[in-house]
Amino acid sequence: MSLERFLNKAVSSWMSQEGPDSDIVLSSRIRLARNFDNYSFPTVFSHEEAKQVIHDIEGVLKKSPFQKFGQMELLKIDEMQPLQKRVLVEKHLISPHLSDDAPHGAVLLSENEEVSIMINEEDHIRIQCLFPGLQLKEALSTANEIDDWLENAVHFAFDEKLGYLTSCPTNVGTGLRASLMMHLPGLVMTQQINRIIPAINQLGFVVRGIYGEGSEALGNIFQISNQITLGKSEEDICRDLMGVVSQIISQERSAREALRKSSNIQLEDRVFRSLGVLTHSRIIESKEAARCLSDVRLGIDMGYIHNMSKTILNELMILTQPGFLQQYAGGPLRPYERDIRRAALIRERIQMETEKR
């Protein structure tokens, strides 16, 4: 494998599959933060310590490779071009922080891209597992397997009272961030999302955009994750999050059904207008593309559109991001040039899908 293999493939395996409740839950993610007990934390460590952390991980990989998901590839951030890093962020394989603020970082990727182990981000190790649909328990089980694999070879910073020690106090304890990426157009259209988000926050969870903290909820896609990591077990955190998410799923389905009953022809018109924009536009900005893709996905889920797979929407949500457009173009593009290429790519991909069916 090589970096190019991860850059050229738009859709990771977890995005090309449909998991439980995938009409609303796009993906389940578990992230475990860990630190070595014999090095300074990344917020204050030296360049030499950063290199040694990577060296230690390479040693573990060579001595006892984790082969459940195929061959693992170690990629160093300082050996990547800015555009290459951006593509990995757009694919959710690395965080924006690792890309922009961790020059001594690296990432260990599984062949199917369901596992991403970020090295020297905010913590020495951040284990990330991504599964399609509502599969939080399965993602946690895999993350714990990887955690055990690493802990058999290295010593993590751990306190008997506090649990795992992390750079940020909000991660101390389990070091767990569990999150679900959800498509919620019904709640947005009925404006219920404005009251639901504050209620979720009051329960100790946080709602963010498609690329996490500080990002926008493009295409009606939201990330919902836990805030509390101390004083609860990993299983308790996931159970509580699943309880909240199950209510959101129910409310989203109710909102969609209410729209069908009260505004069916208007909703159908919106879906097919968006499909028309995607099918025929010659210039389209990223926000408009995300909105139209969201409408078309809703149309597929509600049975208005029959000749298109939901997975094409997953693919286009990634392919139409600025990094990917420029990756395929072979170099930087001005915003206007990106809008032209985005429109052409969407037209070609939709035509391929309809001809296939």
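Student: Why are H9 and H10 called oblique to each other?

Tutor: This is a predicted model, and the angle comes from its helix axes. The axes of H9 (residues 234-280) and H10 (residues 286-301) cross at roughly 130°. Roughly perpendicular covers 65 to 115 degrees, and roughly antiparallel needs over 145. The crossing angle fits neither class, so the two helices count as oblique.

Student: What is the handedness of the crossing of H9 and H10, and how many residues of each kind make the contact?

Tutor: The crossing is left-handed. The axes come within 8 Å. On the H9 side the contact includes Arg256, Leu267, Val271 and Leu278. On the H10 side, Glu288, Cys292, Val296 and Gly299 are among them. The contact residues of H9 and H10 divide into ten nonpolar, two polar and six charged.

Student: Why is cysteine 292 called buried?

Tutor: Buried means under 20% relative accessible area. Cysteine 292 has 0% relative accessibility, so cysteine 292 counts as buried.

Student: How do you know that cysteine 238 is in no disulfide?

Tutor: A search of the whole structure finds zero disulfides. The nearest cysteine sulfur, that of cysteine 129, is 11 Å away from cysteine 238. A disulfide needs the two sulfur atoms within 2.5 Å, so this pair does not qualify.

Student: Is cysteine 238 buried or exposed?

Tutor: Buried. Its relative accessible area is 4%, and the cut-off is under 20%.

Student: What makes serine 179 a buried residue, and where does serine 179 lie?

Tutor: Serine 179 lies in strand S8 (residues 176-183). Its relative accessibility is 3%. That is under 20%, so serine 179 counts as buried.

Student: Which residues does serine 179 touch, leaving out those up to four places away in sequence?

Tutor: Serine 179 touches Ser27, Ser28, Arg29, Leu136, Gln223, Ile224, Ser225 and Leu241. Histidine 124 is 55 residues from serine 179 in sequence, and their C-alpha atoms are 21 Å apart in space.

Student: What is the phi of histidine 92, and where is histidine 92 found?

Tutor: Histidine 92 has a positive phi of about 65°, although it is not a glycine. Histidine 92 sits in the loop between helix H4 (82-90) and helix H5 (96-101). At 11% relative accessibility, histidine 92 falls under 20% and therefore counts as buried.

Student: What about asparagine 220: where is it found, and why is it called buried?

Tutor: Asparagine 220 is found in the loop between strand S9 (205-208) and strand S10 (221-226). Its phi is positive, about 60°, and it is not a glycine. Its relative accessibility is 12%, under the 20% limit, so asparagine 220 counts as buried.

Methods. Residues numbered from 1 in each chain as written. Predicted model: local features only at pLDDT ≥ 70, side-chain atom pairs only at ≥ 80, totals over all residues. Heavy atoms only, no water. Helix = DSSP H or I, 4+ residues; strand = E, 2+ residues; numbered from the N terminus. Buried < 20%, exposed > 50% of the residue type's maximum accessible area, 1.4 Å probe, protein only. Contact = heavy atoms within 4.5 Å. Axes fitted to C-alpha atoms, helices over the stretch in contact; angles between N-to-C directions. Parallel < 35°, antiparallel > 145°, perpendicular 65-115°, else oblique. Left-handed = near helix turned anticlockwise from the far one by under 90°. Nonpolar A, V, L, I, M, F, W, Y, C, P; charged D, E, K, R; others polar.
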